[in-house]
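Reader: Could you take me through this structure? I am in my first year, so please explain the terms as they come up.
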Amino acid sequence: MGALAKIKHEMLKMLPPTIFFFVMLNLVVLVRGLLTRGTGLSLPTFATVAISALILGKAVLLANMLPFINRFPEKPLLWNVLWKTVIYNLIATFIHYLERLHEAWKDTHDWAAANHQLLATMNWPHFWAIQILLLVLIFNYCVFAELARVIGVERLRAMFLGPMAVKPEAMSGT
């Protein structure tokens, strides 16, 4: 496989989680905006959301390459769903924290001072509310990803978007 073909293949694999997280992160920004309306808190920009979605999409792609990511392939789907939800949520929490740290760094221009300022001034209930929302969204992503892994992407797509294949027994009326 040539380098260009490999890059195209990896980009196509990264596209579904990136699109999912782009939509979901915009949902988080909307909820955050509604929760903080009138408080003077700044919201992430469209570019920040797009970059975060790309990072999360790449993080999912990299996490899926880890040998232990499909730790429970023979168990009920819930096992892998919960396992991947924990891993992806840790990554999302780290990225969420880094995003806030970057905002604090803009004021201090010193990473240690920015971290101290962030820990001292962060609205922790707000931070955890966003994390809970992300947890639920990531859980949903993992459910669909595991379903696609087990029954196939095309069948899952047909189940949700149609057209559904007609079973022969349905045509005969039995």
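Reader: How many helices and strands are there in the protein chain?
Author: The protein chain has 7 helices and 0 strands. Helices (H or I, at least four residues) and strands (E, at least two) are DSSP runs, numbered from the N terminus. Please note that this is a predicted model, in which local features need pLDDT of at least 70 and side-chain atom pairs count only at pLDDT 80 or more, while totals for chains, interfaces and linings use all residues. Residues are numbered from 1 along each chain as its sequence is written, and side-chain values use heavy atoms, with hydrogens and water left out.

Reader: Is the chain spread out or a compact globule?
Author: The radius of gyration of the protein chain is 20 Å, well over the 16 Å that the globule rule gives for 174 residues, so the chain is more spread out than a compact globule. This radius is taken over C-alpha atoms, and the rule is 2.2 Å times the number of residues to the power 0.38. The C-alpha trace spans about 70 × 40 × 30 Å along its principal axes.

Reader: What share of the residues is buried?
Author: Of the 174 residues in the protein chain, 31% are buried. Buried means under 20% relative accessible area, exposed over 50%, and partly exposed in between (1.4 Å probe, protein chains only).

Reader: Which residues have the most contacts inside the largest nonpolar core?
Author: They are Phe21, Leu25, Leu56, Tyr88, Ile138, Tyr141 and Cys142, in a core of 22 residues. A nonpolar core is a set of buried Ala, Val, Leu, Ile, Met, Phe, Trp, Tyr and Cys residues joined through side-chain atoms within 4.5 Å.

Reader: And which elements give two or more residues to this core?
Author: Helix H1 (3–36), helix H2 (46–65), helix H3 (77–108) and helix H5 (124–151) do so. H5 gives the most, with 6 residues. There is also a second, separate core of 7 residues, which includes Tyr97, Ala104, Leu118 and Met122.

Reader: What is phenylalanine 21 in contact with?
Author: Leaving aside neighbours within four places in sequence, phenylalanine 21 is in contact with Ala53, Leu56, Val60, Ile138 and Tyr141. Contact means heavy atoms within 4.5 Å.

Reader: On another topic, is glutamate 10 buried or exposed?
Author: Glutamate 10, whose place is in helix H1, counts as buried because its relative accessibility is 13%. Apart from neighbours within four places in sequence, glutamate 10 is in contact with Leu61 and Met65.
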